[in-house]
Amino acid sequence: MAGLETSLGSYDLSSPIIGASGTVGSLMEFQSVIDFSLYGAATSKSVSPEPWPGREPPRIAHGDAGMLNGIGIQNPGIEAWVISYGNTLTSVPTDVWGSVVAHDIDGFADVASEMTRAGVDAIEVNLSCPNLDGRPFALDPKLSADVVRAVSQATMLPIGAKLSSDAQPISAVASAVQNAGADWIVVANTVMGARIDPETRRPALSGLIGGYSGAPIRPIAIRSVLEIAMDIPELPIVGCGGVSNAAHVVEFLLAGASAVAIGSAHFKTPRVARSITRDLKRYMQRHGISSLTELIGAYEPW
Ligand SMILES: Cc1cc2nc3c(=O)[nH]c(=O)nc-3n(C[C@H](O)[C@H](O)[C@H](O)COP(=O)(O)O)c2cc1C
């Protein structure tokens, strides 16, 4: 039966399935639930220079078809993260990508440097966090490039830059981070969203605006992947947004992604990678495909 190997440029993956940041815990708690050997890589929850307490509740809400979260990237900070998890990383039976976040450029570089020392296999730069002016880095090509450049000076590891579909045009941010040293991009993080309860007149999230994820954002993420693949065909892409089955993975590959991250689907079906792996192999067999590379960017235009 065909294998599921793929690559992001010169970085090889045993599977196109990636565990998305913030949806597979610190990785350690999830190990008893998820078989990480089914994943090409698993991404840590984003870690900041200092501990971030996260927002007050409510910070998770129904978004009709998808979900809204306004966690505020709660995390223990890099020092405590290294103490708690640093020596457990090798027990994860796949590559570990360390997700870094900060409110300023030096903070990203410091966390990337500490994560590199701790032994992660790649750095993922979470650009969706607000800078000190309250505006997400990911919306600004120059700010995003400044962050990635600083991270690339702080680590020898491969770097993935996680973009936002809220950026217009997203290809401008993709091109800027590529020139600054990103080896691949992750497309994309949650889409900014909000809800208000008509009875209580209260916003669904304490922080008013949060991240919308799940099935409804898949067409948005697919559009982002298509735009970038068209404009910058040589830049490897990890697709992300609303994936819960093998057909969704194939959809992202056809749009131009080389790997696909699964996020919110883990909350409903923690072992979702098992059925995706099985069904992806069946799809390849049914269509006589021997390598996933045959699918990447291979959609048929009308
Ligand atoms: C509860 C929750 C927490 C998240 N935390 C992070 C995070 O810490 N860092 C990050 O880069 N993305 C984070 N994300 C975004 C996901 O990694 C993913 O990019 C997004 O949810 C879109 O994929 P999905 O539609 O499959 O969920 C989080 C998403 C959710 C739902």
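In this predicted model, a salt bridge joins Arg 117 to Glu 114, with the closest N and O atoms 2.7 Å apart. Both residues belong to helix α2, where three residues, about one turn of the helix, separate them. Arg 117 counts as exposed, its relative accessibility being 64%, whereas Glu 114 is partly exposed at 29%.

Helix α2 (residues 105-118) also packs against helix α3 (residues 141-154): the two axes come within 8 Å and cross at roughly 30 degrees. The crossing is right-handed. On the α2 side, the contact is made by Ile 105, Phe 108, Ala 109, Ala 112 and Ser 113, which meet Asp 146, Val 147, Ala 150, Val 151 and Ala 154 of α3. Sorted by class, this contact holds eight nonpolar residues, one polar and one charged.

Salt bridges deserve a further look, and the count for the model comes to eight. One of them pairs the side chains of Asp 64 and Arg 195, at 3.5 Å from N to O. Asp 64 sits in the loop between β5 (60-63) and β6 (66-69) and Arg 195 in the loop between β11 (191-193) and β12 (210-213), so this pair ties together parts of the chain that are 131 residues apart in sequence. Asp 64 is exposed, with 60% relative accessibility, while Arg 195 has a relative accessible area of 35% and is partly exposed.

Another salt bridge brings together the side chains of Arg 218 and Glu 251 (3.1 Å, N to O). This pair, too, links distant parts of the chain, with Arg 218 in helix α5 and Glu 251 in helix α6, 33 residues apart. Arg 218 has a relative accessibility of 15%, under the 20% limit, and therefore counts as buried; Glu 251, at 32%, is partly exposed. In addition, Lys 142, Asp 146 and Arg 149 are joined into one network by salt bridges that share partners.

The two helices linked by Arg 218 and Glu 251 each have a packing partner of their own. Helix α5 (residues 218-231) packs with helix α4 (residues 170-180) at about 55 degrees, their axes 9 Å apart, and the pair is therefore oblique. Here α4 passes α5 in a right-handed crossing. Ile 170, Ser 171 and Ala 174 of α4 meet Arg 223, Ser 224, Glu 227, Ile 228 and Asp 231 of α5, a set that divides into three nonpolar, two polar and three charged residues.

Helix α6 (residues 246-255), in turn, packs with helix α8 (residues 272-286) at an angle of about 60 degrees, with axes 8 Å apart. Ala 246, Val 249 and Val 250 of α6 meet Ile 276, Asp 279, Leu 280 and Tyr 283 of α8; six of these residues are nonpolar, none polar and one charged.

Notes:
Residues numbered from 1 in each chain as written. Predicted model: local features only at pLDDT ≥ 70, side-chain atom pairs only at ≥ 80, totals over all residues. Heavy atoms only, no water. Axes fitted to C-alpha atoms, helices over the stretch in contact; angles between N-to-C directions. Helix = DSSP H or I, 4+ residues; strand = E, 2+ residues; numbered from the N terminus. Parallel < 35°, antiparallel > 145°, perpendicular 65-115°, else oblique. Left-handed = near helix turned anticlockwise from the far one by under 90°. Contact = heavy atoms within 4.5 Å. Nonpolar A, V, L, I, M, F, W, Y, C, P; charged D, E, K, R; others polar. Salt bridge = Lys/Arg side-chain N within 4 Å of Asp/Glu carboxyl O. Buried < 20%, exposed > 50% of the residue type's maximum accessible area, 1.4 Å probe, protein only.
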